[in-house]
Amino acid sequence: MPLWECKLFREIAATRSMSKGAAHCGVSQSAASQHVQEVERRLGLTVFDRTKRPLVLTEAGKLYAEFCRDVLRREEEFSLGLEALKGDVAGTVRVASIYSIGLSEMSRLQEEFSRRYPGAHLHVEFMRPDKIYEAVRDDTADLGLVSYPESSREIAAIPWRDEEMQLAAPPSHRLGERAEVFPADLNGENFIGFDEDLQIRRELDRFFRANAIEVNLLMHFDNIQTIKEAVALGSGISILPARTMQAEIEQGRLVAVPLHAPELVRPVGIVHRRRKKFNGAARAFLELVGTAGAE
């Protein structure tokens, strides 16, 4: 069985989509569909429940998907052994990143990675945190860059850095002129927050309760970029990681004011599948991120 077939089925199973799996492997949706039909012909069983969207693996499909993952892990181990014999930094590292890190830092990291390791490749996709954990578990990503990283039976988390949280306000806002803002200053302010299912929202809610703060939550979003835009347009204030606002501050669209709340930080970390064997490209990226995180 060609390895590309295992990779294609793994991607379809992980994304639960024929079109997305095909796109990740650089083939047409028609080719992906034909491949799945051929697998079902060989097995004599269906591997996807096509009455549901997104696609759902049948019991036979789950067995075959695990078989494909095992084959690809063995191939990965073989490639790592060859790479060690050659002594070069080569191969591809697949990184899944939350949007705030990707948009603010990934271009610089990609440029530095290419400069340091011309024989290696860095492939980056931006995802919501829950999708990053799925991608790492399913081996469609080698590393995940997330906030509030969590370890589990399948996932290992590597601490990277703690990011200071600051008040985000439009330049004309009265709090934007302060050298420092105290928690009580936030009472009654129009606030742009995060969606309730995100960890950063839960942390901010705890901070508000602990300091008896009541804000007027006007709207909430699932990503920092949209929140920054709403704040810049004058819809309200927010609390965001300071380093994610640098571009807007330089453009004069936002001001960031330190909060008198040293306990309020956003931890950022790297997650990977436990017992994951990293190739040279992945080890090189971890080294680069460790250097970048210390800046």
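Q: With which side chain does the side chain of Asp139 make a polar contact at 2.8 Å?

A: A polar contact is a pair of N or O atoms within 3.5 Å; within protein, one must be able to donate a hydrogen and the other to accept it, and residues adjacent in sequence count only if both atoms are side-chain atoms. Here the partner is the side chain of Arg73. A 3.1 Å polar contact also links the side chains of Asp139 and Arg273.

Q: What am I looking at, anyway?

A: It's a predicted model, where local features need pLDDT of at least 70 and side-chain atom pairs count only at pLDDT 80 or more, while totals for chains, interfaces and linings use all residues. Residues are numbered from 1 along each chain as its sequence is written, and side-chain values use heavy atoms, with hydrogens and water left out.

Q: Is Asp139 buried or exposed?

A: Buried means under 20% relative accessible area (1.4 Å probe, protein chains only). Asp139 has just 4%, so it counts as buried. You'll find Asp139 in the loop between α6 and β5, with helices and strands taken from DSSP runs (H or I, at least four residues; E, at least two).

Q: Which residues does Asp139 touch, leaving out those up to four places away in sequence?

A: Touching means heavy atoms within 4.5 Å. For Asp139, that gives Arg10, Arg73, Arg94, Arg273 and Lys276.

Q: Which residues lie nearest the centre of the largest pocket?

A: A pocket is an open set of points on a 1 Å grid over the protein atoms alone, where a 1.4 Å probe fits, with protein on both sides within 12 Å along at least five of seven lines; lining residues have an atom within 4 Å of a point. This pocket has 42 of them, and Arg10, Glu11, Arg94, Asp139 and Thr140 sit nearest the centre. So here's Asp139 again, the buried residue from before. Helix α4 gives the largest share of this lining, eight residues.

Q: Which element gives the most to the lining of the second largest pocket?

A: That's α6, with four residues. This pocket has 25 lining residues, and Pro129, Asp130, Ser147, Leu198 and Gln199 are the closest to its centre.

Q: How many residues are in the largest nonpolar core?

A: In soluble globular proteins, nonpolar side chains tend to be buried together. A core joins buried Ala, Val, Leu, Ile, Met, Phe, Trp, Tyr and Cys residues through side-chain atoms within 4.5 Å. The largest one here has 33, with Val93, Phe113, Ile132, Leu145 and Phe285 touching the most other members. Its largest share, six residues, comes from α10. There's also a second, separate core of 30 residues, including Val181 and Phe191.

How values were computed:
Buried < 20%, exposed > 50% of the residue type's maximum accessible area, 1.4 Å probe, protein only.
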